[in-house]
Amino acid sequence: MTELNVDVCVIGAGSGGLSVAAGAVQMGASVVLIEGHKMGGDCLNYGCVPSKALLHASRSGMSYADAIAHVRSTIETIEPHDSEDRFEGLGCTVIRDWARFASPNIVQAGETRVRARRFVVATGSSPVVPPIDGIDSVTAYTNETIFDLPEKPEHLIIIGGGPIGMEMAQAHRGLGCDVTVIEAAQALGREDADARAVVVKSLRDQWITVHEGTAVERISNENGVTVYTSNGAITGSHLLVAAGRKVNIDRLNLRDANVAHTAKGITVGDDLRSMSNKKVYAIGDVAGGMQFTHLAGYHAGVIIRSMLLALPAKAKTHHIPRVTYTAPELAQIGPTEDEARKEYGSKVTVARAEYTGSDRAIATGHTTGFIKVMVVKGRPVGVTIVGPDAGELIAMWSMAIANNLKLSAISNTVLPYPTMAEINKRAASAYFTPKLFENPNVKRVVGLVQRFLP
Ligand SMILES: Cc1cc2nc3c(=O)[nH]c(=O)nc-3n(C[C@H](O)[C@H](O)[C@H](O)COP(=O)(O)OP(=O)(O)OC[C@H]3O[C@@H](n4cnc5c(N)ncnc54)[C@H](O)[C@@H]3O)c2cc1C
Ligand SMILES: NC(=O)c1ccc[n+]([C@@H]2O[C@H](COP(=O)([O-])OP(=O)(O)OC[C@H]3O[C@@H](n4cnc5c(N)ncnc54)[C@H](O)[C@@H]3O)[C@@H](O)[C@H]2O)c1
(Lines give C-alpha, C1' and ligand atoms only; values in the text may rest on other atoms or scores of the structure.)
(Ligands and ions follow the chains in the order given, each with its own letter.)
Protein backbone atom coordinates (compact mmCIF):
# COMPACT_ATOMS: atom_id res chain seq x y z
CA MET A 1 0.00 0.00 0.00
CA THR A 2 1.37 3.43 -1.00
CA GLU A 3 0.52 6.45 1.17
CA LEU A 4 0.40 9.95 -0.36
CA ASN A 5 0.00 13.24 1.44
CA VAL A 6 -1.00 16.16 -0.81
CA ASP A 7 -2.71 19.55 -0.87
CA VAL A 8 -5.46 18.57 -3.33
CA CYS A 9 -6.92 15.20 -4.32
CA VAL A 10 -9.16 15.41 -7.40
CA ILE A 11 -11.53 12.50 -8.08
CA GLY A 12 -12.58 12.29 -11.74
CA ALA A 13 -10.55 13.44 -14.76
CA GLY A 14 -13.40 14.94 -16.81
CA SER A 15 -14.24 18.56 -17.66
CA GLY A 16 -14.26 19.75 -14.04
CA GLY A 17 -11.53 17.58 -12.51
CA LEU A 18 -8.98 18.25 -15.26
CA SER A 19 -9.50 22.01 -14.97
CA VAL A 20 -9.00 21.98 -11.20
CA ALA A 21 -5.96 19.70 -11.39
CA ALA A 22 -4.26 21.75 -14.13
CA GLY A 23 -4.99 25.05 -12.37
CA ALA A 24 -3.99 23.87 -8.89
CA VAL A 25 -0.71 22.20 -9.89
CA GLN A 26 0.37 25.17 -12.01
CA MET A 27 -0.30 27.48 -9.06
CA GLY A 28 2.05 25.44 -6.87
CA ALA A 29 -0.19 22.94 -5.05
CA SER A 30 0.67 19.23 -4.85
CA VAL A 31 -2.11 17.37 -6.69
CA VAL A 32 -3.27 13.77 -7.02
CA LEU A 33 -5.73 13.16 -9.88
CA ILE A 34 -7.69 9.90 -9.79
CA GLU A 35 -9.59 8.54 -12.81
CA GLY A 36 -11.33 5.17 -12.80
CA HIS A 37 -12.14 5.03 -16.52
CA LYS A 38 -11.18 7.24 -19.49
CA MET A 39 -9.19 10.47 -19.13
CA GLY A 40 -11.36 13.31 -20.44
CA GLY A 41 -14.60 11.99 -18.94
CA ASP A 42 -17.98 12.22 -20.63
CA CYS A 43 -17.43 15.35 -22.66
CA LEU A 44 -14.47 14.02 -24.63
CA ASN A 45 -15.42 10.37 -24.88
CA TYR A 46 -19.22 10.10 -24.86
CA GLY A 47 -20.66 13.61 -24.81
CA CYS A 48 -20.00 17.03 -26.29
CA VAL A 49 -17.14 16.05 -28.60
CA PRO A 50 -18.55 12.95 -30.33
CA SER A 51 -22.06 14.44 -30.52
CA LYS A 52 -20.85 17.64 -32.18
CA ALA A 53 -18.56 15.66 -34.48
CA LEU A 54 -21.45 13.40 -35.52
CA LEU A 55 -23.73 16.41 -36.10
CA HIS A 56 -21.05 18.00 -38.27
CA ALA A 57 -20.55 14.78 -40.24
CA SER A 58 -24.29 14.41 -40.78
CA ARG A 59 -24.45 17.92 -42.28
CA SER A 60 -21.44 17.37 -44.53
CA GLY A 61 -22.91 14.53 -46.57
CA MET A 62 -20.56 11.86 -45.11
CA SER A 63 -21.50 8.19 -45.18
CA TYR A 64 -22.28 6.53 -41.84
CA ALA A 65 -18.88 4.79 -41.79
CA ASP A 66 -17.05 8.05 -42.55
CA ALA A 67 -19.07 9.83 -39.88
CA ILE A 68 -18.07 7.30 -37.21
CA ALA A 69 -14.44 7.57 -38.39
CA HIS A 70 -14.70 11.37 -38.12
CA VAL A 71 -16.00 11.01 -34.53
CA ARG A 72 -13.02 8.75 -33.68
CA SER A 73 -10.44 11.04 -35.24
CA THR A 74 -11.93 14.12 -33.53
CA ILE A 75 -11.62 12.41 -30.14
CA GLU A 76 -8.10 11.23 -30.93
CA THR A 77 -7.03 14.76 -31.91
CA ILE A 78 -8.26 16.26 -28.63
CA GLU A 79 -7.25 13.30 -26.40
CA PRO A 80 -3.59 14.32 -25.79
CA HIS A 81 -4.79 17.51 -24.12
CA ASP A 82 -6.63 15.47 -21.47
CA SER A 83 -4.09 12.63 -21.24
CA GLU A 84 -2.31 11.08 -18.29
CA ASP A 85 1.02 12.07 -19.92
CA ARG A 86 0.08 15.73 -20.09
CA PHE A 87 -1.09 15.84 -16.48
CA GLU A 88 1.96 13.93 -15.19
CA GLY A 89 4.01 16.43 -17.22
CA LEU A 90 2.27 19.31 -15.45
CA GLY A 91 3.32 17.74 -12.14
CA CYS A 92 0.16 15.89 -11.02
CA THR A 93 0.33 12.33 -9.71
CA VAL A 94 -2.24 10.51 -11.84
CA ILE A 95 -3.83 7.31 -10.50
CA ARG A 96 -5.88 5.19 -12.91
CA ASP A 97 -8.36 3.45 -10.59
CA TRP A 98 -11.72 3.99 -8.93
CA ALA A 99 -11.59 6.17 -5.81
CA ARG A 100 -13.54 5.67 -2.59
CA PHE A 101 -13.41 7.49 0.71
CA ALA A 102 -11.95 5.38 3.53
CA SER A 103 -12.70 8.13 6.07
CA PRO A 104 -13.56 11.87 6.02
CA ASN A 105 -9.94 12.71 5.10
CA ILE A 106 -8.58 9.64 3.29
CA VAL A 107 -9.36 8.40 -0.20
CA GLN A 108 -8.30 4.99 -1.44
CA ALA A 109 -7.71 4.11 -5.10
CA GLY A 110 -6.33 0.64 -5.80
CA GLU A 111 -3.22 0.19 -3.68
CA THR A 112 -2.85 3.91 -2.89
CA ARG A 113 -4.22 5.81 0.10
CA VAL A 114 -4.36 9.57 -0.32
CA ARG A 115 -4.52 12.03 2.55
CA ALA A 116 -5.27 15.55 1.34
CA ARG A 117 -5.94 19.01 2.70
CA ARG A 118 -8.86 19.26 0.25
CA PHE A 119 -10.76 16.73 -1.87
CA VAL A 120 -12.57 17.65 -5.08
CA VAL A 121 -15.31 15.29 -6.21
CA ALA A 122 -15.76 15.73 -9.98
CA THR A 123 -17.20 12.33 -10.84
CA GLY A 124 -19.85 13.48 -13.33
CA SER A 125 -23.02 11.64 -14.30
CA SER A 126 -24.18 8.60 -16.29
CA PRO A 127 -27.20 7.83 -18.45
CA VAL A 128 -30.34 6.59 -16.72
CA VAL A 129 -31.87 3.50 -18.31
CA PRO A 130 -35.42 3.39 -16.93
CA PRO A 131 -36.64 -0.06 -15.81
CA ILE A 132 -39.15 -0.39 -18.68
CA ASP A 133 -40.81 -3.79 -18.98
CA GLY A 134 -38.91 -5.81 -21.63
CA ILE A 135 -36.01 -3.38 -22.09
CA ASP A 136 -33.54 -6.19 -21.32
CA SER A 137 -34.74 -8.12 -24.38
CA VAL A 138 -33.10 -5.57 -26.71
CA THR A 139 -29.80 -3.68 -26.77
CA ALA A 140 -30.49 -0.32 -25.16
CA TYR A 141 -27.80 2.00 -26.53
CA THR A 142 -26.91 5.13 -24.58
CA ASN A 143 -24.51 8.01 -25.20
CA GLU A 144 -21.77 5.67 -23.95
CA THR A 145 -22.30 3.14 -26.76
CA ILE A 146 -24.10 4.89 -29.66
CA PHE A 147 -20.94 6.46 -31.09
CA ASP A 148 -19.38 3.01 -31.56
CA LEU A 149 -22.20 1.39 -33.53
CA PRO A 150 -20.61 -0.74 -36.26
CA GLU A 151 -23.63 -0.60 -38.54
CA LYS A 152 -25.90 2.25 -39.61
CA PRO A 153 -29.27 1.98 -37.85
CA GLU A 154 -32.09 1.60 -40.38
CA HIS A 155 -34.58 3.09 -37.96
CA LEU A 156 -33.40 4.54 -34.64
CA ILE A 157 -35.99 4.84 -31.90
CA ILE A 158 -34.96 7.38 -29.26
CA ILE A 159 -36.54 7.45 -25.80
CA GLY A 160 -36.27 11.01 -24.48
CA GLY A 161 -36.52 14.35 -26.29
CA GLY A 162 -34.02 16.33 -24.18
CA PRO A 163 -30.86 17.86 -25.65
CA ILE A 164 -29.21 14.45 -26.14
CA GLY A 165 -32.29 12.93 -27.81
CA MET A 166 -32.85 15.86 -30.15
CA GLU A 167 -29.19 16.28 -31.18
CA MET A 168 -28.85 12.54 -31.81
CA ALA A 169 -32.16 12.46 -33.72
CA GLN A 170 -30.96 15.10 -36.14
CA ALA A 171 -27.47 13.63 -36.50
CA HIS A 172 -28.85 10.19 -37.41
CA ARG A 173 -31.52 11.58 -39.72
CA GLY A 174 -28.80 13.50 -41.56
CA LEU A 175 -26.89 10.22 -41.98
CA GLY A 176 -29.90 8.66 -43.68
CA CYS A 177 -31.53 6.78 -40.78
CA ASP A 178 -35.26 6.85 -40.06
CA VAL A 179 -35.67 8.35 -36.61
CA THR A 180 -38.55 8.33 -34.10
CA VAL A 181 -38.34 10.26 -30.82
CA ILE A 182 -40.65 9.24 -27.98
CA GLU A 183 -40.95 11.93 -25.32
CA ALA A 184 -43.10 11.48 -22.19
CA ALA A 185 -43.65 15.23 -21.74
CA GLN A 186 -42.45 17.93 -24.16
CA ALA A 187 -39.34 17.79 -26.33
CA LEU A 188 -36.74 20.29 -25.01
CA GLY A 189 -39.28 20.91 -22.27
CA ARG A 190 -36.95 23.13 -20.21
CA GLU A 191 -36.70 25.67 -23.04
CA ASP A 192 -38.73 28.72 -24.05
CA ALA A 193 -42.02 27.48 -25.54
CA ASP A 194 -41.75 29.52 -28.77
CA ALA A 195 -38.12 28.56 -29.31
CA ARG A 196 -38.56 24.85 -28.69
CA ALA A 197 -41.56 24.89 -31.09
CA VAL A 198 -39.23 26.19 -33.84
CA VAL A 199 -36.74 23.36 -33.22
CA VAL A 200 -39.41 20.64 -33.03
CA LYS A 201 -41.03 21.88 -36.26
CA SER A 202 -37.67 21.89 -37.98
CA LEU A 203 -37.01 18.27 -36.94
CA ARG A 204 -40.46 17.24 -38.13
CA ASP A 205 -39.86 19.04 -41.45
CA GLN A 206 -36.81 16.77 -41.84
CA TRP A 207 -39.11 13.75 -41.46
CA ILE A 208 -38.07 12.95 -37.91
CA THR A 209 -41.12 11.62 -36.08
CA VAL A 210 -41.45 13.27 -32.66
CA HIS A 211 -44.14 11.85 -30.37
CA GLU A 212 -44.68 14.15 -27.39
CA GLY A 213 -46.83 13.38 -24.34
CA THR A 214 -46.26 9.71 -25.07
CA ALA A 215 -45.60 7.15 -22.34
CA VAL A 216 -43.50 4.07 -23.06
CA GLU A 217 -45.38 1.02 -21.74
CA ARG A 218 -43.17 -1.91 -22.70
CA ILE A 219 -40.51 -2.99 -25.16
CA SER A 220 -40.05 -6.24 -27.07
CA ASN A 221 -37.56 -7.61 -29.57
CA GLU A 222 -40.22 -8.37 -32.22
CA ASN A 223 -38.88 -7.33 -35.67
CA GLY A 224 -35.81 -5.72 -34.12
CA VAL A 225 -37.12 -3.34 -31.48
CA THR A 226 -40.81 -2.72 -30.83
CA VAL A 227 -41.76 -0.02 -28.34
CA TYR A 228 -45.35 -0.12 -27.10
CA THR A 229 -46.53 3.37 -26.17
CA SER A 230 -49.71 5.15 -25.11
CA ASN A 231 -50.00 6.12 -28.81
CA GLY A 232 -49.48 2.64 -30.30
CA ALA A 233 -46.53 0.42 -31.20
CA ILE A 234 -43.40 1.67 -32.99
CA THR A 235 -40.97 -0.75 -34.60
CA GLY A 236 -37.38 0.12 -35.42
CA SER A 237 -33.95 -1.46 -35.77
CA HIS A 238 -32.09 0.17 -32.83
CA LEU A 239 -32.98 1.80 -29.51
CA LEU A 240 -31.22 4.82 -27.98
CA VAL A 241 -32.12 5.75 -24.41
CA ALA A 242 -31.64 9.47 -23.68
CA ALA A 243 -33.98 9.73 -20.73
CA GLY A 244 -31.90 11.78 -18.28
CA ARG A 245 -28.84 11.37 -16.06
CA LYS A 246 -27.88 10.07 -12.63
CA VAL A 247 -24.89 11.39 -10.70
CA ASN A 248 -21.85 9.15 -10.17
CA ILE A 249 -21.68 8.79 -6.39
CA ASP A 250 -22.24 5.07 -5.78
CA ARG A 251 -18.56 4.10 -5.73
CA LEU A 252 -17.47 6.92 -3.43
CA ASN A 253 -18.58 5.57 -0.04
CA LEU A 254 -19.80 9.07 0.86
CA ARG A 255 -21.38 7.86 4.10
CA ASP A 256 -18.02 7.07 5.72
CA ALA A 257 -16.71 10.42 4.50
CA ASN A 258 -19.57 12.22 6.21
CA VAL A 259 -20.49 13.87 2.89
CA ALA A 260 -24.22 14.65 2.73
CA HIS A 261 -25.88 13.90 -0.61
CA THR A 262 -29.20 13.20 -2.33
CA ALA A 263 -30.00 11.39 -5.58
CA LYS A 264 -29.41 14.76 -7.34
CA GLY A 265 -25.81 15.04 -6.14
CA ILE A 266 -23.55 16.10 -3.32
CA THR A 267 -25.18 18.71 -1.10
CA VAL A 268 -23.08 21.86 -1.43
CA GLY A 269 -23.43 25.55 -0.60
CA ASP A 270 -22.80 28.44 -3.02
CA ASP A 271 -19.11 27.88 -2.34
CA LEU A 272 -19.40 24.32 -3.76
CA ARG A 273 -18.22 22.86 -0.44
CA SER A 274 -19.93 19.90 1.14
CA MET A 275 -22.32 21.12 3.85
CA SER A 276 -21.18 18.33 6.18
CA ASN A 277 -17.44 17.84 5.44
CA LYS A 278 -15.62 21.11 4.77
CA LYS A 279 -12.59 19.29 3.33
CA VAL A 280 -14.69 18.19 0.36
CA TYR A 281 -15.79 20.21 -2.68
CA ALA A 282 -18.07 18.99 -5.48
CA ILE A 283 -18.04 20.45 -9.00
CA GLY A 284 -19.62 19.79 -12.38
CA ASP A 285 -22.50 17.38 -12.90
CA VAL A 286 -22.11 15.79 -9.45
CA ALA A 287 -22.74 19.14 -7.73
CA GLY A 288 -26.45 18.70 -8.46
CA GLY A 289 -27.17 21.72 -10.70
CA MET A 290 -26.99 22.27 -14.43
CA GLN A 291 -24.86 19.84 -16.40
CA PHE A 292 -22.51 21.48 -18.88
CA THR A 293 -18.80 21.34 -19.60
CA HIS A 294 -18.40 25.11 -19.35
CA LEU A 295 -20.19 25.04 -15.99
CA ALA A 296 -17.75 22.39 -14.69
CA GLY A 297 -14.86 24.57 -15.91
CA TYR A 298 -16.36 27.63 -14.21
CA HIS A 299 -16.79 25.65 -10.97
CA ALA A 300 -13.10 24.73 -11.14
CA GLY A 301 -12.11 28.41 -11.22
CA VAL A 302 -14.41 29.22 -8.30
CA ILE A 303 -13.01 26.54 -5.99
CA ILE A 304 -9.37 27.20 -6.92
CA ARG A 305 -9.83 30.71 -5.54
CA SER A 306 -11.16 29.32 -2.31
CA MET A 307 -8.93 26.21 -1.93
CA LEU A 308 -5.59 27.71 -2.89
CA LEU A 309 -5.89 31.38 -2.00
CA ALA A 310 -8.40 31.14 0.87
CA LEU A 311 -10.45 33.86 -0.86
CA PRO A 312 -14.23 33.91 -0.55
CA ALA A 313 -15.77 32.54 -3.76
CA LYS A 314 -19.35 31.75 -4.66
CA ALA A 315 -20.67 29.96 -7.74
CA LYS A 316 -23.46 31.86 -9.46
CA THR A 317 -25.80 30.55 -12.14
CA HIS A 318 -27.45 33.64 -13.66
CA HIS A 319 -24.68 34.08 -16.26
CA ILE A 320 -24.31 30.45 -17.41
CA PRO A 321 -25.45 30.00 -21.04
CA ARG A 322 -26.54 26.76 -22.68
CA VAL A 323 -26.92 25.72 -26.31
CA THR A 324 -28.60 22.79 -27.99
CA TYR A 325 -26.77 22.18 -31.25
CA THR A 326 -29.67 21.18 -33.43
CA ALA A 327 -30.25 23.07 -36.68
CA PRO A 328 -31.60 25.57 -35.83
CA GLU A 329 -29.58 25.99 -32.63
CA LEU A 330 -31.31 26.97 -29.43
CA ALA A 331 -29.37 29.14 -26.98
CA GLN A 332 -30.43 30.40 -23.58
CA ILE A 333 -28.93 32.44 -20.78
CA GLY A 334 -30.75 33.44 -17.62
CA PRO A 335 -34.51 33.04 -17.34
CA THR A 336 -36.82 32.33 -20.28
CA GLU A 337 -39.72 34.74 -20.90
CA ASP A 338 -42.09 32.69 -18.70
CA GLU A 339 -39.54 32.36 -15.92
CA ALA A 340 -38.71 36.07 -16.05
CA ARG A 341 -42.39 37.05 -15.91
CA LYS A 342 -42.84 34.80 -12.85
CA GLU A 343 -39.74 36.24 -11.18
CA TYR A 344 -40.01 39.93 -12.07
CA GLY A 345 -43.74 40.41 -12.87
CA SER A 346 -44.46 43.77 -14.50
CA LYS A 347 -40.84 44.88 -14.08
CA VAL A 348 -39.74 42.80 -17.06
CA THR A 349 -39.94 44.00 -20.67
CA VAL A 350 -39.44 41.46 -23.45
CA ALA A 351 -37.76 42.82 -26.59
CA ARG A 352 -37.87 40.61 -29.67
CA ALA A 353 -36.26 40.62 -33.09
CA GLU A 354 -36.74 38.18 -35.97
CA TYR A 355 -34.03 36.72 -38.19
CA THR A 356 -36.12 37.98 -41.15
CA GLY A 357 -34.98 41.50 -40.24
CA SER A 358 -31.32 40.64 -40.80
CA ASP A 359 -29.93 41.36 -44.28
CA ARG A 360 -27.25 38.68 -43.73
CA ALA A 361 -29.89 36.11 -42.81
CA ILE A 362 -31.84 37.01 -45.97
CA ALA A 363 -28.71 36.86 -48.14
CA THR A 364 -27.84 33.40 -46.83
CA GLY A 365 -31.41 32.09 -46.77
CA HIS A 366 -31.36 31.54 -43.01
CA THR A 367 -34.38 33.53 -41.92
CA THR A 368 -36.05 31.10 -39.49
CA GLY A 369 -35.41 32.24 -35.95
CA PHE A 370 -35.75 34.97 -33.39
CA ILE A 371 -34.17 36.49 -30.32
CA LYS A 372 -35.98 37.52 -27.16
CA VAL A 373 -34.31 39.66 -24.52
CA MET A 374 -35.77 39.89 -21.04
CA VAL A 375 -34.92 43.35 -19.69
CA VAL A 376 -35.26 44.55 -16.10
CA LYS A 377 -34.37 48.15 -15.19
CA GLY A 378 -32.49 48.65 -18.44
CA ARG A 379 -30.34 45.52 -18.03
CA PRO A 380 -30.67 42.18 -19.86
CA VAL A 381 -31.37 39.37 -17.37
CA GLY A 382 -32.27 36.58 -19.82
CA VAL A 383 -31.90 35.91 -23.54
CA THR A 384 -33.37 33.24 -25.80
CA ILE A 385 -32.07 32.79 -29.33
CA VAL A 386 -33.29 30.17 -31.77
CA GLY A 387 -31.89 30.05 -35.28
CA PRO A 388 -28.63 29.53 -37.16
CA ASP A 389 -25.53 30.49 -35.13
CA ALA A 390 -27.60 31.02 -31.95
CA GLY A 391 -24.71 29.48 -29.97
CA GLU A 392 -22.33 32.13 -31.33
CA LEU A 393 -24.81 35.00 -31.02
CA ILE A 394 -25.39 34.28 -27.30
CA ALA A 395 -21.71 35.10 -26.61
CA MET A 396 -22.36 38.85 -26.69
CA TRP A 397 -25.15 38.46 -24.15
CA SER A 398 -23.05 36.15 -21.99
CA MET A 399 -20.51 38.95 -21.67
CA ALA A 400 -23.21 41.55 -21.00
CA ILE A 401 -24.92 39.50 -18.29
CA ALA A 402 -21.71 38.27 -16.63
CA ASN A 403 -20.57 41.88 -16.32
CA ASN A 404 -23.95 43.33 -15.39
CA LEU A 405 -23.88 45.63 -18.43
CA LYS A 406 -26.84 47.76 -19.46
CA LEU A 407 -28.71 47.04 -22.66
CA SER A 408 -27.22 50.25 -24.03
CA ALA A 409 -23.83 48.47 -24.09
CA ILE A 410 -25.25 46.34 -26.91
CA SER A 411 -27.04 49.16 -28.74
CA ASN A 412 -23.96 51.43 -28.51
CA THR A 413 -21.72 48.78 -30.08
CA VAL A 414 -21.08 49.26 -33.79
CA LEU A 415 -21.15 45.93 -35.59
CA PRO A 416 -19.95 45.17 -39.10
CA TYR A 417 -22.63 45.02 -41.78
CA PRO A 418 -23.94 42.56 -42.78
CA THR A 419 -23.42 40.10 -39.89
CA MET A 420 -25.75 37.79 -38.02
CA ALA A 421 -24.63 39.49 -34.78
CA GLU A 422 -26.60 42.56 -35.86
CA ILE A 423 -29.69 40.57 -34.79
CA ASN A 424 -28.51 41.14 -31.20
CA LYS A 425 -28.45 44.86 -31.81
CA ARG A 426 -31.87 44.81 -33.45
CA ALA A 427 -33.28 43.21 -30.29
CA ALA A 428 -31.72 45.98 -28.17
CA SER A 429 -33.17 48.55 -30.58
CA ALA A 430 -36.59 46.92 -30.27
CA TYR A 431 -36.40 47.80 -26.58
CA PHE A 432 -35.33 51.42 -27.12
CA THR A 433 -37.47 52.18 -30.22
CA PRO A 434 -40.76 52.84 -28.39
CA LYS A 435 -38.89 54.95 -25.83
CA LEU A 436 -37.30 57.06 -28.58
CA PHE A 437 -39.63 57.09 -31.59
CA GLU A 438 -43.03 56.77 -29.96
CA ASN A 439 -42.37 59.24 -27.19
CA PRO A 440 -44.28 62.59 -27.34
CA ASN A 441 -41.70 64.20 -25.04
CA VAL A 442 -38.90 63.40 -27.46
CA LYS A 443 -40.97 64.83 -30.34
CA ARG A 444 -41.66 68.00 -28.31
CA VAL A 445 -37.96 68.49 -27.48
CA VAL A 446 -36.91 67.95 -31.11
CA GLY A 447 -39.59 70.43 -32.29
CA LEU A 448 -38.34 73.03 -29.80
CA VAL A 449 -34.68 72.61 -30.64
CA GLN A 450 -35.42 72.83 -34.36
CA ARG A 451 -37.20 76.18 -33.88
CA PHE A 452 -34.15 77.75 -32.30
CA LEU A 453 -31.46 76.22 -34.47
CA PRO A 454 -30.05 78.68 -37.03
C1 LIG B 1 -24.31 13.14 -25.36
C2 LIG B 1 -23.91 14.34 -24.53
C3 LIG B 1 -23.66 15.55 -25.15
C4 LIG B 1 -23.27 16.64 -24.38
N5 LIG B 1 -23.05 17.82 -25.03
C6 LIG B 1 -22.65 18.90 -24.32
C7 LIG B 1 -22.35 20.12 -24.97
O8 LIG B 1 -22.44 20.24 -26.21
N9 LIG B 1 -21.94 21.18 -24.23
C10 LIG B 1 -21.83 21.09 -22.86
O11 LIG B 1 -21.45 22.07 -22.23
N12 LIG B 1 -22.11 19.93 -22.21
C13 LIG B 1 -22.51 18.84 -22.91
N14 LIG B 1 -22.76 17.66 -22.26
C15 LIG B 1 -22.61 17.62 -20.80
C16 LIG B 1 -21.13 17.47 -20.39
O17 LIG B 1 -20.57 16.33 -21.04
C18 LIG B 1 -21.03 17.30 -18.88
O19 LIG B 1 -21.76 18.32 -18.23
C20 LIG B 1 -19.57 17.36 -18.43
O21 LIG B 1 -18.81 16.31 -19.01
C22 LIG B 1 -19.51 17.25 -16.90
O23 LIG B 1 -18.18 17.29 -16.46
P24 LIG B 1 -17.79 16.60 -15.09
O25 LIG B 1 -16.37 16.96 -14.85
O26 LIG B 1 -18.78 16.92 -14.05
O27 LIG B 1 -17.93 15.03 -15.36
P28 LIG B 1 -17.27 14.10 -16.48
O29 LIG B 1 -16.71 14.89 -17.58
O30 LIG B 1 -18.25 13.06 -16.83
O31 LIG B 1 -16.06 13.41 -15.71
C32 LIG B 1 -16.25 12.58 -14.61
C33 LIG B 1 -15.12 11.58 -14.55
O34 LIG B 1 -15.08 10.99 -13.27
C35 LIG B 1 -14.76 9.61 -13.39
N36 LIG B 1 -15.20 8.95 -12.17
C37 LIG B 1 -16.47 8.73 -11.73
N38 LIG B 1 -16.47 8.14 -10.52
C39 LIG B 1 -15.17 7.97 -10.18
C40 LIG B 1 -14.52 7.41 -9.05
N41 LIG B 1 -15.20 6.93 -8.00
N42 LIG B 1 -13.17 7.34 -9.05
C43 LIG B 1 -12.44 7.83 -10.09
N44 LIG B 1 -13.00 8.39 -11.18
C45 LIG B 1 -14.36 8.47 -11.22
C46 LIG B 1 -15.49 9.20 -14.64
O47 LIG B 1 -14.94 8.02 -15.17
C48 LIG B 1 -15.29 10.43 -15.53
O49 LIG B 1 -14.14 10.30 -16.32
C50 LIG B 1 -23.14 16.54 -22.99
C51 LIG B 1 -23.37 15.31 -22.36
C52 LIG B 1 -23.74 14.22 -23.12
C53 LIG B 1 -23.96 12.91 -22.41
N1 LIG C 1 -25.74 20.86 -26.13
C2 LIG C 1 -25.59 20.62 -24.83
O3 LIG C 1 -25.10 21.45 -24.06
C4 LIG C 1 -25.97 19.29 -24.30
C5 LIG C 1 -26.26 18.25 -25.16
C6 LIG C 1 -26.64 17.04 -24.61
C7 LIG C 1 -26.70 16.91 -23.24
N8 LIG C 1 -26.39 17.94 -22.43
C9 LIG C 1 -26.50 17.83 -20.97
O10 LIG C 1 -26.86 16.51 -20.60
C11 LIG C 1 -28.05 16.56 -19.83
C12 LIG C 1 -28.85 15.30 -20.05
O13 LIG C 1 -29.48 15.26 -21.29
P14 LIG C 1 -30.70 14.27 -21.58
O15 LIG C 1 -31.27 14.68 -22.89
O16 LIG C 1 -30.32 12.87 -21.38
O17 LIG C 1 -31.61 14.50 -20.35
P18 LIG C 1 -32.83 15.47 -20.02
O19 LIG C 1 -33.19 15.19 -18.62
O20 LIG C 1 -32.53 16.86 -20.41
O21 LIG C 1 -34.00 14.95 -21.00
C22 LIG C 1 -34.54 13.67 -20.88
C23 LIG C 1 -35.91 13.65 -21.50
O24 LIG C 1 -36.36 12.30 -21.49
C25 LIG C 1 -37.72 12.27 -21.15
N26 LIG C 1 -38.01 10.96 -20.58
C27 LIG C 1 -37.55 10.44 -19.41
N28 LIG C 1 -38.01 9.18 -19.24
C29 LIG C 1 -38.78 8.89 -20.32
C30 LIG C 1 -39.52 7.75 -20.72
N31 LIG C 1 -39.56 6.64 -19.98
N32 LIG C 1 -40.20 7.80 -21.89
C33 LIG C 1 -40.15 8.92 -22.66
N34 LIG C 1 -39.47 10.03 -22.32
C35 LIG C 1 -38.78 10.01 -21.18
C36 LIG C 1 -37.89 13.43 -20.17
O37 LIG C 1 -39.23 13.89 -20.13
C38 LIG C 1 -36.92 14.48 -20.74
O39 LIG C 1 -37.56 15.34 -21.65
C40 LIG C 1 -28.75 17.81 -20.31
O41 LIG C 1 -29.67 18.29 -19.38
C42 LIG C 1 -27.60 18.75 -20.51
O43 LIG C 1 -27.27 19.34 -19.27
C44 LIG C 1 -26.03 19.13 -22.94
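1. For the shell counts used in this note, Ala, Val, Leu, Ile, Met, Phe, Trp, Tyr, Cys and Pro are taken as nonpolar, Asp, Glu, Lys and Arg as charged, and the others, Gly among them, as polar. On that basis the shell around ligand 2 holds 14 nonpolar, eight polar and four charged residues. The model discussed here is predicted.

2. Ligand 2 is surrounded by 26 residues, and the closest are Gly160, Gly162, Ile164, Ala243 and Gln291. Two elements, α6 and β20 (321-324), give two or more residues to this shell. The largest share comes from α6, which gives four residues.

3. Ligand 1 has 38 residues around it, of which Gly12, Gly14, Gly41, Gly124 and Gly284 come nearest. At least two residues of this shell are supplied by each of α1 (15-26), α2 (41-45), α3 (48-59) and α8 (293-309). The class counts for ligand 1 are 15 nonpolar, 18 polar and five charged.

4. The UniProt record, an unreviewed entry, lists a "binding site" made up of Gly160, Gly161, Gly162, Pro163, Ile164, Gly165, Met166, Glu167, Glu183 and Gly244. These positions span 85 residues in sequence, but no two of their C-alpha atoms are more than 13.9 Å apart, so they gather at one spot. Gly160, Gly162 and Ile164 are in the UniProt list, and they are also among the closest residues to ligand 2.

5. Two of the listed positions can be placed in their elements. Proline 163 belongs to helix α6 (residues 163-174). Proline 163 is buried because 22 other C-beta atoms lie within 10 Å, the cut-off for buried being 20 or more. Glutamate 183 sits in the loop between β10 (178-182) and α7 (193-205). Glutamate 183 also counts as buried, with 25 C-beta neighbours inside 10 Å.

6. What does glutamate 183 contact, leaving aside its neighbours within four places in sequence? The partners are Gly160, Gly161, Val210, His211, Glu212 and Thr214. Gly160 and Gly161 are themselves in the UniProt "binding site" list, while His211 and Val210 fall in strand β11 (residues 209-211).

7. The strands β8, β15, β9, β10 and β11 form, in that order, an open sheet with parallel pairing. β8 (140-141) and β11 stand at the edges and have a single partner strand each, so one side of each is left without a neighbour in the sheet. At the β8 edge, two bridges join β8 to β15 (residues 238-241), with alanine 140 bridged to leucine 239.

8. Strand β9 (residues 155-159) runs parallel to β10 and is joined to it by five bridges; isoleucine 157 has threonine 180 of β10 as its bridge partner. From β9 the chain passes through α6 to β10, in a right-handed β-α-β crossover. The next β-α-β crossover, from β10 through α7 to β11, is right-handed. Three bridges join the parallel pair β10 and β11, and threonine 180 is bridged to threonine 209 in β11.

9. Which feature does UniProt place at residues 320-427? The unreviewed entry gives "domain: Pyridine nucleotide-disulphide oxidoreductase dimerisation". In the model this span is 34% helix and 30% strand, and its end C-alpha atoms lie 20 Å apart. Strand β20 (321-324), one of the elements that give two or more residues to the shell around ligand 2, falls within the annotated span 320-427.

Terms used:
Residues numbered from 1 in each chain as written. Chains lettered and ligands numbered in written order. Predicted model: local features only at pLDDT ≥ 70, side-chain atom pairs only at ≥ 80, totals over all residues. UniProt positions renumbered as here; feature names shortened; annotations may be inferred. Buried ≥ 20, exposed ≤ 12 C-beta atoms within 10 Å, placed from the backbone. Contact = placed C-beta atoms within 7 Å. Pairing = 2+ DSSP bridges. Right-handed = clockwise from strand over helix to strand, strands pointing away. Near = placed C-beta within 6 Å.
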